[in-house]
Protein chains: 2
Amino acid sequence: MTAMPAQTPASPAPAPTVLEAAALSQPVEHTPVWFMRQAGRSLPEYRAVREGTTMLGACRTPELVAEITLQPVRRHGVDAAIFFSDIVVPLQAAGIDVEIQPGVGPVIASPVRTAADVAALPALEPEALADIAESVRLSVQGLEAHPGVPLIGFAGAPFTLASYLIEGGPSKNHEKTKAMMLGAPQLFDALLAKLAAISATFLDVQLASGARAFQLFDSWAGYLGPADYERAVLPHSAAVFAALAHHRVPSFHFGVQTGELLRPMSRAGSTALGVDFRVELAAASARAQPGQALQGNLDPAMLFADWEALRPRVEATVRQGLAHDGGYVFNLGHGVLPGTDPRVPGLIVEEVHRVSREVLAERGA
Amino acid sequence: MTAMPAQTPASPAPAPTVLEAAALSQPVEHTPVWFMRQAGRSLPEYRAVREGTTMLGACRTPELVAEITLQPVRRHGVDAAIFFSDIVVPLQAAGIDVEIQPGVGPVIASPVRTAADVAALPALEPEALADIAESVRLSVQGLEAHPGVPLIGFAGAPFTLASYLIEGGPSKNHEKTKAMMLGAPQLFDALLAKLAAISATFLDVQLASGARAFQLFDSWAGYLGPADYERAVLPHSAAVFAALAHHRVPSFHFGVQTGELLRPMSRAGSTALGVDFRVELAAASARAQPGQALQGNLDPAMLFADWEALRPRVEATVRQGLAHDGGYVFNLGHGVLPGTDPRVPGLIVEEVHRVSREVLAERGA
């Protein structure tokens, strides 16, 4: 079931998996489920294999990436694997000095703040991503034991990469980023254009190596108002989707706190729009493009409630998602939280499958 | 100009200040300005007087509270003072063991998680707030040197107090709070009812001592979707406004990340609705009640841009606010950030006054 166009260009396109079909608003028999951050910190088997490694070291070790990518597929029975990586991996691969400090996040040795800094920013060559291509190939190989489960590629969006570079690390308020956006708009634009090319190359290599879909994650876009987003950020996110359009794969675009941004984000070019847990799916439905799928949006904090309280909430989310006039992919409205009971996501997968089969069968009858 | 009904019940009601008039959607000659967190960490004179004190110690020392409350009035020329306090002060006054740890925030010695914990929660008696009454009286006395500048009282909303009590301190994801809300709704409801009474008492004492308006701040409401907010939180915030309605003063209701909540929040009972910086004022205008004033919403991070880039943004915000079909109070869309250049808020005050006089004069002509 793996698609590796670079090596087998003449093979016929494989039948779409349920994840791909739903994200392309095509008919499905049940709603597919995956969880943002399903590969990672909430799983004991993840913490075990990560012992003694750094985050970026792990992200650049193909056997480890493939193992971590597969862990939640084995445990939860999800309908897709998400490529284990980090938002700053393509920056590191481009030659930027960045490390991820535990408890802090990414720290950039030389923040990017002047015209000279932007001019000096290196491009990302596909050759610098040989380990990423290998990680994807190994993950896809491992997924052969799970028929119908595709790999979703992953990258951070240009604005989010820009914020890390300008601030020099994670920021609560993005003061320097916004000051540049407002005070030096041409410089800001030049920086985001360079970062859009880096995001696109990072995803292009994943798709060429066997990923069947991708998610462009804009962690910090939700800190902007819609006018700033539309003027300064949207064109660069749209450039990433445009650069990958020839792959003709399903794509997801998501950021937290983006309720006010969903309308412009829906125009960036993804086949599916990710919805933050703060937004009713019915409201998101009205903000999406015609025919665009929705993804979301159970509040990850709700997974800490008893199953008997959580189950009806899962069912209600599925019913709201299936009321959308377009495809629907079940997910959380943000990533799986660290302390989540690792038995709960699997229960959710079963419940989403059960409820969605029921709703879709009724609809077909 | 001070109103102290408890001591001079027969005196006629003083003429409304520009802040009060705008927040009641009455005619004004210019738009009033104040800044959330104007009293505090961004001012060198604040850091000087706070030296050697704890946060809660400072909040319970009337002379210090009055001095800190007055500092931004002297420096920036704002149209209102905001009472210097902290969200957990009424909890401490009620007898709950809480301290504010620098770099962490409020830490609750015994988190509230069971029916017994909720039952044991003490009520707040007005007698426990003698220092708060004195702080307000001293602040109002100090404001006599600034005619037309009223004092705005301040309290945290029931949901925000509940989150601190349930989590035991600040929380990024509010897992325990949401798990109780979903899994033990009656217990959650009982807790919020008790906290609504505490918030109301805290504000009642401030209003009885000379505050002319108040803001109910719901720091964490923006972490909820609208259905949960409306069912579990809104009735308790509304109870606070209802308990204070007999004061007949202007009131503000605000929380960050509340774009999706503005419609239900607008029904809580405030005369003015505070708007987060993520939301266009035109969009907020459509979500407010008829005749309800708006307050907001310049992004505090934008204050880090050069004045020549920031000035047009201030003007645009004022013009958007004055396009609202109701009163308009200029403010930021969240609190003043710690590293803000203390000269900038004063420039904004002048610009808001200049632009709004121009717009309102044109309108009158």
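**Exercises on the interface of chain A and chain B**

In this predicted model, the side chains of Glu260(A) and Arg287(B) meet in a salt bridge, with 2.8 Å from N to O.

**Exercise 1.** Find how many salt bridges and polar contacts cross the interface of chain A and chain B.

*Solution.* Start with the pair Glu260(A) and Arg287(B): its N to O distance is 2.8 Å, and the cut-off for a salt bridge is 4 Å. Applied across the interface of chain A and chain B, the rule finds six salt bridges. Next come the polar contacts: 11 residue pairs, both residues at pLDDT 80 or more.

**Exercise 2.** Work out which elements of chain A touch chain B, and which of them gives the most.

*Solution.* Two or more residues come from each of α9 (175-183), α11 (226-243), α13 (281-287) and α14 (307-322) of chain A. α9(A) gives the most, with six residues. Sorted by class, this side of chain A has 17 nonpolar, seven polar and 10 charged residues.

**Exercise 3.** State the area buried between chain A and chain B, and name the residues of chain A that lose the most.

*Solution.* The buried area is about 2,700 Å². Carbon and sulfur atoms give 58% of it. On the side of chain A, Leu182(A), Glu260(A) and Arg278(A) lose the most area to chain B, together 25% of what that side buries.

**Exercise 4.** Determine how the two copies are related.

*Solution.* Chain A is superposed on chain B by a rotation of 180° with 0.0 Å of shift along its axis, at an RMSD of 0.0 Å. The copies are therefore related as by a two-fold rotation axis. The same surface serves both: 100% of the contact residues of chain A recur in chain B. As for the contacts, 34 residues of chain A are in contact with 34 residues of chain B.

Definitions and conventions:
Residues numbered from 1 in each chain as written. Chains lettered and ligands numbered in written order. Predicted model: local features only at pLDDT ≥ 70, side-chain atom pairs only at ≥ 80, totals over all residues. Heavy atoms only, no water. Least-squares fit on C-alpha atoms with pLDDT ≥ 70 in both. Contact = heavy atoms within 4.5 Å. Buried area = accessible area lost by both parts, 1.4 Å probe. Polar contact = N/O pair within 3.5 Å; in protein donor to acceptor, adjacent residues only side chain to side chain. Helix = DSSP H or I, 4+ residues; strand = E, 2+ residues; numbered from the N terminus. Nonpolar A, V, L, I, M, F, W, Y, C, P; charged D, E, K, R; others polar.
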